[in-house]
Amino acid sequence: MIEVKHITKTYGKKQNAFIALDDTTFTIPDGASVAILGKSGSGKSTLMHAMSGLDRPETGEVVIGGQNILKLKTKQIDEFRSQQMSFIFQSFFVQANESCYDNVSLPLEIANIPISKRRQKINDALTAVELLDKKASRARDLSGGQKQRLAVARAIVNDPRILFADEPTGNLDSVTGEVIEDLLFGYNKSRGVTLIIVTHDSDLAQKCDIQIHIKDGKVEKIESRKELHS
Amino acid sequence: MKIRDTVRRAGRSLRQAKARTLLTSLAISVGAFTVTLALAAGAGGQAYTDSLITNNGDAQSLSVHIKEDDEVSDKPKEYGTTSDAARQGQLDDTDIEKIKKIDGVAEITPTYSISIAYMTRGGDAKKYDASIGIKVDRTAIPLAAGSLMDNQVPVGGVVIPEAYLGVLGFKNAFDAIGQSLTLHIEKPSDIVGRKSSEAIDKTYTIAAVDKESSTVLRYQAELKVSTNDGKMIYEYQTADQPENGQYNGLNVRVTDGADVAAVQEAIIKSGGYEVSSLKDIQEVLFQFINVVQYGAAGFGLLAILASVFGIINTQYISVLERTQQIGLMKALGARRKDIGRLFRYEAGWVGFLGGTIGTGLALLAGLLNPWITQTLVLEKGTELLKFNPLTSVILIASLIVIAIMAGYFPARKAAKLDPIEALRTE
């Protein structure tokens with residue numbers, strides 16, 4: 001369970017102060033797929049950064065698995081992220097000059113996984129996104145959809161508990177976008193991983209269990225699909 | 001992140017910017033090249049000087065003379081004030097006794113001056129003029145044939161110069177070894193111009209043939225006999241002469257392991273002597289080589305210093321270029337330490353590359369050794385550039401360390417980067 005309690009984040013000072021998050025509170029159950037919806041500048045990205053410990057709000061708590069991660073030291077948050085979280089970005093952020101294999105290997109290296117255990121994990125992840133045959137190819141030679149699939153492989157390789165996706169289909173056409181969506185939701189269902197998608201695409205948001213609408217840093221409304229309540 | 005993974009990733013990022021990496025390393029390699037060559041030339045110069053020294057004298061021996069008056073004046077001195085005229089410039093047995101008592105003195109040999117009337121191979125063979133000298137010290141001399149135990153002429157043996165081979169009827173140097181040579185020794189005549197009445201013939205075995213060499217500074221073609229034989233000839237020639245027991249100089253051999261300089265000091269202190277050693281000359285020469293070597297190495301260090309700024313600059317650009325990568329790594333949980341290390345090791349790789357290229361080029365320059373030797377007309381086989389693998393390894397290692405230190409500031413910038421800023425795409 002992820003509990004976000006009264007978090008406030010302000011940018012700038014005094015007259016120029018801009019409130020990005022204003023006393024935001026909500027709860028996400030484990031294994032849910034969640035869409036954080038909002039226009040650009042609504043604070044949805046800031047919210048994702050706060051939930052992943054990349055950013056530190058002035059007030060409030062982010063409690064994950066009973067632990068307020070905002071109270072952890074930087075080093076501990078880094079370790080927490082490397083063990084339990086991962087990210088998918090709109091612009092993929094794959095390392096163009098590196099092979100697919102090395103791209104996927106990065107989170108494992110950061111998490112200090114011994115070399116002997118890496119190969120299997122990387123192969124599994126690449127198989128899951130159907131890129132095993134591109135293992136040795138450089139990421140720059142892939143198409144946009146393949147790059148995002150590679151990013152998905154990189155995100156799932158270390159079995160995270162929480163998967164953040166920031167506009168994962170924003171740079172893709174609808175057909176390839178759908179492939180990515182299927183991958184993400186499939187992984188969410190089969191592994192019980194909490195999937196948090198930051199988006200302004202309401203069609204994508206419709207597919208999630210919970211939709212959290214953000215406006216001007218505040219939670220406007222939360223919609224849940226019926227079956228979650230039952 | 002594990003160090004090994006970081007080093008691998010650092011190496012990989014360098015390969016992605018090949019031209020930039022190569023140019024930055026080339027800057028360092030100029031320094032490495034200069035330093036390596038300077039050190040090699042220094043080592044080679046020292047080795048060459050060493051061979052010069054050993055071929056021209058024995059570092060374990062001192063040569064002792066009577067101290068001349070410091071002030072050489074053309075003005076006449078008052079009659080009767082000049083010190084003991086008979087002693088002027090001459091040493092005798094009392095001096096030998098005095099010096100013998102000094103610690104570290106192993107052996108004293110007076111400089112006997114001897115001469116022969118002629119040399120011949122005996123029988124009806126022709127007679128030839130010849131110079132003769134005594135080999136007192138243990139200076140190594142270049143030989144054309146034969147060998148000398150401990151660089152000394154054996155008693156009853158003689159070393160002949162290469163130039164004498166022809167007239168003595170030897171086909172080559174090896175032909176002469178073991179053959180005998182007779183020397184005709186005369187007592188000096190009391191009246192100038194009159195032939196001496198007394199003379200003896202002494203026969204010696206040719207032990208070796210010496211030759212002229214560019215490493216021997218003052219080569220004299222002369223017969224060389226052992227100290228014992230020399231002394232005997234001297235005793236025979238001066239037996240009833242006033243100069244018996246008077247010597248121009250003494251050769252003092254210092255005990256092996258004793259401090260030559262200390263013994264030299266002690267002899268000077270004992271009064272009235274002038275002592276010179278090869279160590280003096282050796283030190284002056286080494287000092288000269290060192291100055292040249294340090295000078296050249298200094299320029300190399302300056303080049304390395306300049307290249308350090310190149311590394312810093314390149315690494316700053318690299319950090320800017322890879323902002324997103326840094327952001328991604330941080331989002332994935334990489335610690336500041338990991339990011340900093342990645343960029344420092346990248347700089348380290350550049351240092352390694354530059355050091356290896358520079359050292360490699362310097363080693364290639366070592367191929368010019370025969371050409372240098374030929375141009376400077378040095379002894380064949382002389383290598384003026386002497387490379388030491390250990391020095392090269394140390395140099396490359398220190399360049400890696402220097403480069404890593406140069407990478408500190410860019411690495412710190414990378415480590416401090418805000419991941420949210422770094423991942424902003426707009």
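The following conversation walks through a predicted model with chains A and B.

Biologist: Where should I start with chain B, say with how many helices and strands there are?
Modeller: Chain B has 13 helices and 12 strands. Its radius of gyration is 34 Å, well over the 22 Å that the globule rule gives for 426 residues, so chain B is more spread out than a compact globule.

Biologist: What does the C-alpha trace of chain B span along its principal axes?
Modeller: The trace spans about 120 × 60 × 40 Å. As for burial, 33% of the 426 residues of chain B count as buried.

Biologist: Which domains is chain B divided into?
Modeller: There is domain 1, made of 3-55 + 284-423, and domain 2, which covers 61-277. The centres of these two domains of chain B, taken over C-alpha atoms, are separated by 55 Å.

Biologist: How many residues are in contact between domain 1 and domain 2 of chain B?
Modeller: On the domain 1 side there are 7 residues, in contact with 8 residues of domain 2. The domain 1 side divides into 3 nonpolar, 3 polar and 1 charged.

Biologist: And how many residues does each chain give to the contact between A and B?
Modeller: Chain B gives 19 residues and chain A gives 23 residues. In chain B, the elements that contribute two or more residues are α1 (3-15), α8 (323-331) and α13 (419-423). The largest share of that side, 5 residues, comes from α8(B).

Biologist: What is that side of chain B like by class?
Modeller: The side of chain B that touches chain A has 9 nonpolar, 5 polar and 5 charged residues.

Biologist: Turning to contacts inside chain B, what share join residues at least 24 apart?
Modeller: Among contacts between residues at least 6 apart in sequence, 84% join residues at least 24 apart.

Biologist: How many residues has the largest nonpolar core?
Modeller: That core has 115 residues. Those with the most contacts inside it are V34(A), I36(A), L150(A), V152(A), A153(A), I197(A) and A403(B). Another core lies apart from it, with 22 residues, among them I134(B), V158(B), L181(B) and I185(B).

Biologist: Let us take A153(A): what is in contact with it, leaving aside its neighbours within four places in sequence?
Modeller: A153(A) is in contact with V104(A), A125(A), L126(A), A128(A), V129(A) and L131(A).

Biologist: I197(A) was on the core list too. Is strand β8 of chain A mostly covered or uncovered?
Modeller: Strand β8(A), residues 194-199, is mostly covered, with 6 of its 6 residues buried. T194(A), I196(A) and V198(A) point one way, L195(A), I197(A) and T199(A) point the other way, and all are buried.

Biologist: Which way does β8(A) pair with strand β3 of chain A, parallel or antiparallel?
Modeller: β3(A), residues 33-37, pairs with β8(A) in the parallel sense over 5 bridges. Strand β7(A), residues 162-166, also pairs with β8(A) in the parallel sense over 5 bridges.

Biologist: What stands opposite V198(A) in those pairings?
Modeller: From β3(A), I36(A) stands opposite V198(A). From β7(A), D166(A) stands opposite V198(A).

Biologist: What about the open sheet in chain A, in which order do its strands come?
Modeller: Its 4 strands come in the order β2-β1-β4-β5, and the pairing is antiparallel. β2(A) (18-28) and β5(A) stand at the edges with a single partner strand each, so one side of each is left without a neighbour in the sheet. Within the sheet, 5 bridges join β1(A), residues 2-11, to β4(A), residues 59-64. K5(A) stands opposite E61(A) in β4(A).

Biologist: Where is N68(A) found?
Modeller: N68(A) is in strand β5 of chain A, residues 67-68.

Biologist: Why does N68(A) count as partly exposed?
Modeller: N68(A) is partly exposed because 13 other C-beta atoms lie within 10 Å, whereas 20 or more would make a residue buried and 12 or fewer would make it exposed. Its contacts, leaving aside neighbours within four places in sequence, are E61(A), V62(A) and V63(A). N68(A) and K5(A) are 63 residues apart in sequence and 9.9 Å apart in space, C-alpha to C-alpha.

Biologist: Back to chain B for a last point: which residues of strand β12 are on its covered face?
Modeller: Y273(B), V275(B) and S277(B) form the covered face of β12(B), residues 273-277, whereas E274(B) and S276(B) form the uncovered one. Strand β1(B), residues 61-66, runs antiparallel to β12(B) and is joined to it by 5 bridges. The bridge partner of L62(B) in β12(B) is S277(B).

Key: Residues numbered from 1 in each chain as written. Chains lettered and ligands numbered in written order. Predicted model: local features only at pLDDT ≥ 70, side-chain atom pairs only at ≥ 80, totals over all residues. Contact = placed C-beta atoms within 7 Å. Nonpolar A, V, L, I, M, F, W, Y, C, P; charged D, E, K, R; others polar. Domains from an automatic or database assignment. Rg over C-alpha atoms; globule rule 2.2 N^0.38 Å. Core = buried A, V, L, I, M, F, W, Y, C linked by C-beta atoms within 7 Å. Pairing = 2+ DSSP bridges.
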